[in-house]
Amino acid sequence: MDYLALAKKYKTPLYIYDFDHIKAQYEKLKREFNARKSLICYAVKANSNLSLLKHIAALGGGFDCVSIGEVKRAILAGGSNYKIIYSGVGKSDEEIKEALNLDILMINLESYEEMLRVELIAKELNKKARISVRVNPNVDPKTHPYISTGLHKNKFGVSIDEARKIYLHAHKSDYLDPVGIHSHIGSQLSDISPVIEAANIVSSLLKELRAADIDIKFFDVGGGIGIRYKDENEPNLYEYAQGILAALKGQDATIICEPGRFIVGNSGELLTSVLYEKRNTNKRFVVVDAAMNDLLRPSLYEAYHEIVALKDGAKSPCDVVGPICESGDFLAKDIELPRLEHGDLLVIKSAGAYGYSMSSNYNTRGRAAQIAIESGKDRLIGQRESFEDMIRNEKEFI
Ligand code: LLP
């Protein structure tokens with residue numbers, strides 16, 4: 001890739017997404033489920049760029065959303081309403097109402113209390129709400145605690161007992177139609193056996209519900225497939241799919257999975273320019289024009305992202321840091337880079353997932369520009385945020 005030309009054309013910091021790689025990842029996963037009816041609902045939170053969503057919709061993908069904003073993004077990008085799932089522990093009345101009016105595939109319930117609200121709102125609208133229940137199977141996904149979601153100490157989903165109560169109520173309700181069952185236990189899993197364990201637990205409940213004449217059509221195993229940032233094991237997709245298929249043996253249901261990171265993580269990079277090299281006595285810092293507001297993962301999770309310099313030379317240890325006034329504003333610590341000068345480029349790898357979507361305006365820094373590379377051609381898919389963009393909601397009040 002001609003990073004120099006891209007930096008010249010679009011400036012930095014710049015998010016670059018490889019649409020061909022996104023397609024390849026999508027198709028690789030879809031193929032593993034060929035034996036059964038399946039739907040890949042891409043997790044919009046990983047990267048919600050509209051053109052990227054349009055690309056996935058064109059491949060036949062559905063969408064896993066966690067706010068009404070994400071639902072509307074997916075629809076705006078050409079996603080089919082009937083392939084949209086809406087999860088989240090705290091949906092507001094307004095969000096529930098909009099989701100029902102948009103007639104999406106299902107609202108994924110995360111508490112008994114939420115079911116009562118959905119029922120009430122569906123009644124007001126004179127609709128029957130298609131729902132699923134997010135089961136928290138109390139399985140340890142063995143990942144970073146901030147992205148672990150499948151234990152009872154986490155706020156997500158409901159226990160098996162609570163789920164049973166919700167299904168029994170929904171089954172009898174004139175305003176609820178239980179069509180799905182769901183679990184998602186965590187993200188960036190190198191070992192996917194906990195997902196299989198969860199699928200088996202949820203599948204037993206599915207069997208029980210069917211015996212009670214509750215006709216669940218969708219079996220949703222969530223997301224979580226890990227990727228390689230450094231030297232992590234990448235889960236074997238064949239074993240992943242076979243494990244889920246085996247858990248569902250003898251039961252007819254459409255399998256849904258909700259990959260985010262797997263589809264876009266290694267399809268994206270963040271291109272940044274060196275502003276200065278500086279030294280505080282013995283400590284070497286490379287100050288770049290991207291910061292924690294562009295890519296929060298290193299600061300928030302101490303996540304590792306490989307950084308490649310487009311230059312040779314003798315390497316020495318340094319921290320790569322941004323211009324934000326926080327000591328936690330770093331993109332890498334203690335990595336080896338050659339001597340760099342103002343204007344040299346660095347590529348931050350594996351930045352396609354939870355990169356731009358977690359970016360902010362902290363320090364009144366505009367969000368980066370975003371481009372797609374497809375069949376060797378580059379195109380702008382997200383304008384760099386201007387000062388005017390950032391003050392739009394406040395300006396009229398001064
Ligand atoms: N489905 C549900 C219900 C989820 O909560 C998530 C992610 C996914 C699917 C997609 O998971 P994935 O396939 O991407 O692992 N910001 C963190 C990740 C948070 C994940 C939250 N939920 C990070 O930067 O690592």
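In the predicted model, the side chain of tyrosine 301 places an N or O atom 2.8 Å from a nitrogen atom of the ligand. A second polar contact involves arginine 297, where a polar side-chain atom lies 2.6 Å from an oxygen atom of the ligand. The backbone also takes part: a polar backbone atom of glycine 224 is 2.8 Å from an oxygen atom of the ligand. Taken alone, the ligand exposes 590 Å², and 91% of that area is buried by the protein.

The ligand is surrounded by 18 residues. Ser187, Glu258, Arg297, Tyr301 and Tyr354 are the closest of them. By class, this shell is made up of six nonpolar, six polar and six charged residues. Residues of the shell come both from domain 1 (3-15 + 267-391) and from domain 2 (33-261), so the ligand lies between the two domains. The space that the ligand takes is the largest pocket.

The unreviewed UniProt entry carries the annotation "binding site" for Arg261, Arg297, Tyr301, Glu326 and Tyr354. These residues span 94 residues in sequence, and the two C-alpha atoms farthest from each other are 27.2 Å apart, so the annotated residues do not all gather at one spot. Among the annotated residues, Arg261, Arg297, Tyr301 and Tyr354 are included in the lining of the largest pocket, which is the space taken by the ligand. Arg297, Tyr301 and Tyr354 are thus named by the UniProt annotation and also belong to the closest residues around the ligand.

Key
Residues numbered from 1 in each chain as written. Predicted model: local features only at pLDDT ≥ 70, side-chain atom pairs only at ≥ 80, totals over all residues. Heavy atoms only, no water. Near = heavy atom within 4 Å. Polar contact = N/O pair within 3.5 Å; in protein donor to acceptor, adjacent residues only side chain to side chain. Areas by Shrake-Rupley, 256 points an atom, 1.4 Å probe, with all protein chains shown as cover. 1 Å grid on protein atoms, 1.4 Å probe; cavity = no way out; pocket = protein on both sides within 12 Å on 5 of 7 lines; lining within 4 Å. Sits in = over half its atoms within 2 Å of the grid points. Nonpolar A, V, L, I, M, F, W, Y, C, P; charged D, E, K, R; others polar. Domains from an automatic or database assignment. UniProt positions renumbered as here; feature names shortened; annotations may be inferred.
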